[in-house]
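Please open the structure in your viewer and keep the selection tool at hand, as this tour goes from one selection to the next and says what can be found at each stop.

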Amino acid sequence: MTARAASETAVPGRTPPAVPVAGGQPTPAPAPRCVPVHVGVIMDGNGRWATSRKLPRVEGHRRGVEALRRCVRAAREIGIRFLTIYSFSAENWSRPVSEVTELMRLLKFFLRHDLAELHSGNVRVKVIGERAGLAPDIRQLLDDAEALTCDNTGLTLVVAFNYGARQEIASAVARIAADVAAGRVKPEDVDVEMISQRLETAGIPDPDLIVRTSGEQRLSNFLLWQAAYSEFVFLPIYWPDFDKAALLAAIDEFARRDRRFGGVTPRTGP
């Protein structure tokens, strides 16, 4: 089995039978897509979408919530197992107070109005990011979303909120350092796996594919450790325009990549 096959699933089910064509040979049905197990999404471009239409930036964020709904539904339909969305970074607090207030309002609106649909759709919600310092009502909503959906077995929706990858790695290393100082861990035993297990994504496979909208080509402090061997697809569209077709286009691009994970893919044929 190739590295690509090991980290992807064919969707949906088996390849359909060939379709007969009048007056000729049957036309083979298209092969099922190879779908990445874990997709990370950097939802970028809400403000620029609004500005290009001479609308307030907050309208871009409102339309971004609609795009998020489309993305989650599409991920479920396609067969993605883990979807991590970068909803609010640790650096986003530096934005204007009015914009941050609107983003918090939209988060609360999404959780209060969409959680029932997520739960009925067997979606498990997991939140990563620093919760200390958040408003009590937001912390409660995040806790409630995780508690309600914790036993669901379908898509896992990982919400990166007040999240920064450098901060996450620093916290993991600090916990390991404390264990070493207390004699619970030997310094020579510290390895990649130990660090991975101290991250907030412990138990979740690393993302196979990371998609960023708006044409920007950077990670912006998103899943830096976990993205070591991720494939990146940068889409020129702004996030409010994202839909199932855009997600499928990113997956098709991913499927064309030769993922060797530092090795060499054996040659076949002459």
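Begin by selecting helix 4 (97-120), which in this predicted model gives the most to the lining of the largest pocket, with eight residues. That pocket has a volume of about 700 Å³, and of the 38 residues that line it, the closest to its centre are Met43, Asn46, Tyr86, Ser87 and Phe88, which you may now select together. To see where the lining comes from, colour the elements that give two or more residues to it, among them helix 2 (46-52), helix 3 (57-78), strand 4 (82-89) and helix 5 (136-149). By class, the lining of the largest pocket has 22 nonpolar, nine polar and seven charged residues.

Keep helix 4 selected and add helix 5. How do the axes of helix 4 and helix 5 cross? They come within 11 Å and cross at roughly 15°, and since angles under 35 degrees count as roughly parallel, helix 4 is therefore roughly parallel to helix 5. Helix 4 passes helix 5 in a left-handed crossing. On the side of helix 4, the contact is made by Met104, Leu107, Lys108, Leu111, Arg112, Leu115 and His119, while helix 5 brings Asp137, Ile138, Leu141, Leu142, Ala145, Leu148 and Thr149. Taken by class, the residues of this contact are nine nonpolar, two polar and three charged.

Next, look for enclosed space. A search of the whole structure finds one cavity of 30 Å³ or more, and the largest cavity has a volume of about 80 Å³. Select Arg69, Val72, Arg73, Arg76, Phe110, Asp114, Glu117 and Leu118, which line this cavity; helix 3 and helix 4 each supply at least two residues of the lining. In the lining of the largest cavity, three residues are nonpolar, none is polar and five are charged.

The last stop is the second largest pocket, in which about 190 Å³ of space lies. Which residues are the closest to the centre of the second largest pocket? Of the 13 residues that line it, these are Glu130, Gln167, Glu168, Ser171 and Glu200, and you can select them as a group. Then show helix 6 (165-181) and strand 6, each of which supplies at least two residues of this lining, with the largest share, four residues, coming from helix 6. The lining of the second largest pocket has three nonpolar, five polar and five charged residues.

How values were computed
Residues numbered from 1 in each chain as written. Predicted model: local features only at pLDDT ≥ 70, side-chain atom pairs only at ≥ 80, totals over all residues. Heavy atoms only, no water. 1 Å grid on protein atoms, 1.4 Å probe; cavity = no way out; pocket = protein on both sides within 12 Å on 5 of 7 lines; lining within 4 Å. Points joined across faces, edges and corners; volume = space filled by probe spheres on them. Nonpolar A, V, L, I, M, F, W, Y, C, P; charged D, E, K, R; others polar. Axes fitted to C-alpha atoms, helices over the stretch in contact; angles between N-to-C directions. Parallel < 35°, antiparallel > 145°, perpendicular 65-115°, else oblique. Left-handed = near helix turned anticlockwise from the far one by under 90°. Contact = heavy atoms within 4.5 Å.
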